[in-house]
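Colleague: I have a model open and would like to talk it through with you. Could you pull it up, so that we can start with one of the turns?

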Amino acid sequence: MTEPLLVLEGLHKSFGALRATDNVSLDLAPASIHALIGPNGAGKSTLIAQIAGSLKPTAGTVRLLGQDITALSVPKRAQLGLGRTFQVSSLAMAFSALRNVMLAVQARQHATFRFWHPVRGDRSLIDPAMAQLERVGLAERAHLPVTALSHGERRQLELAVALALEPKVLLLDEPMAGLGGEDSERMTEVLTGLRQDVAMLLVEHDMDAVFRLADRISVLVYGRVIASGSVEDIRASQEVRDAYLGE
Ligand SMILES: Nc1ncnc2c1ncn2[C@@H]1O[C@H](COP(=O)(O)OP(=O)(O)OP(=O)(O)O)[C@@H](O)[C@H]1O
């Protein structure tokens, strides 16, 4: 059996009396998408923050590629292959799409941070940055400033920026949020294409996208995983319907 890339074991996070994460164990297999669904306030963002390292669990462990990373910093986790995208845009708006990805490539290469220095001529940044833009379907928009991109294209660009750090595991926090039908269709296609190279833990409210993308789904309610299984298992589960799907 292939080893999972990411393993959560008995994760707990309390805020005072509130158990935002309650004994969560789950794993992410290579070349797969594991979706995390649940009602507002179920603890999805809290869980993602503990995996990414911005929030310290009260108890439990997070393992990445076999290594216990529970006590490691956010940058150290990123170096080891953990990537993430954010709900709130973190793009440099005045720069071109290409320049945004080049900055991420540069960070990955541990070069001196030449933020204000023109890097336009540097092929060692341009080529890998263009490759990431191609992966997300934005190559033809590379030279436009972020302000000229549609909301959907900005989400694709955020993904390219995350990919420039060459993650093995990607945490996606609501990649479909605010996207219309056509844009969310495009994002679904992009994520499908990435799956072979980057395993993804996907937090998403758009159930059509979840059902199309996920190899596995875990349902979080009041911080607890109440069900975990294939799309078919989750669709068929009465407990999930009662707690979340509202059917
Ligand atoms: N820093 C904090 N201090 C206190 N309580 C918090 C903190 N962060 C989150 N919570 C609480 O923890 C619970 C889980 O919140 P969380 O944001 O993780 O849920 P979520 O599933 O991501 O919700 P949504 O789908 O609305 O984004 C909520 O009851 C929230 O109020």
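Colleague: In the hairpin of strand 9 and strand 10, which residue takes a positive phi?
Modeller: That residue is Y222, with a phi near 50 degrees, and the hairpin has 2 residues between the two strands. Please keep in mind that this is a predicted model, and that the angle, like the rest of what I quote, is computed from it.

Colleague: And how do strand 9 and strand 10 pair, parallel or antiparallel?
Modeller: They pair in the antiparallel sense over 5 bridges, with strand 10 covering residues 224-229. One pair to look at is V221, whose bridge partner in strand 10 is R224.

Colleague: Which strand runs parallel to strand 9?
Modeller: Strand 3, residues 33-37, runs parallel to strand 9 and is joined to it by 4 bridges. On that side you can find H34 standing opposite R216 of strand 9.

Colleague: So how many residues of strand 9 are buried?
Modeller: Strand 9 spans residues 216-221, and 6 of its 6 residues are buried, so that the strand is mostly covered in the sense of the burial count, where 20 or more other C-beta atoms must lie within 10 Å.

Colleague: Which residues sit on each side of it?
Modeller: In a regular strand the side chains alternate between the two faces of the sheet. For strand 9, R216, S218 and L220 lie on one side while I217, V219 and V221 lie on the other, and both faces are covered, since each of these residues is buried.

Colleague: Changing topic: is A59 partly exposed or buried, and why?
Modeller: A59 counts as partly exposed because it has 13 C-beta neighbours inside 10 Å, whereas a buried residue would need 20 or more. A59 is found in strand 4, which takes in residues 59-64.

Colleague: Which residues is A59 in contact with, neighbours within four places in sequence aside?
Modeller: With those neighbours left aside, A59 is in contact with G10 and H12. For G180, which is 121 residues away along the chain, the C-alpha separation from A59 is 39 Å.

Colleague: Now the whole chain: how many helices and strands?
Modeller: The secondary structure comes to 9 helices and 10 strands. The chain is as compact as a globular protein of its length, because its radius of gyration of 18 Å is close to the 18 Å that the globule rule gives for 247 residues. Along its principal axes the C-alpha trace spans about 55 × 40 × 40 Å.

Colleague: What share of the residues is buried?
Modeller: Buried residues make up 40% of the 247. As for contacts between residues at least 6 apart in sequence, 67% join residues at least 24 apart.

How values were computed:
Residues are numbered from 1 along each chain as its sequence is written. This is a predicted model: local features need pLDDT of at least 70, side-chain atom pairs count only at pLDDT 80 or more; totals for chains, interfaces and linings use all residues. A residue is buried if 20 or more other C-beta atoms lie within 10 Å of its own, exposed if 12 or fewer, and partly exposed in between; C-beta atoms are placed from the backbone. Two residues are in contact if their C-beta atoms, placed from the backbone, lie within 7 Å. The radius of gyration is taken over C-alpha atoms; the globule rule is 2.2 Å times the number of residues to the power 0.38. Two strands pair if DSSP finds at least two bridges between them.
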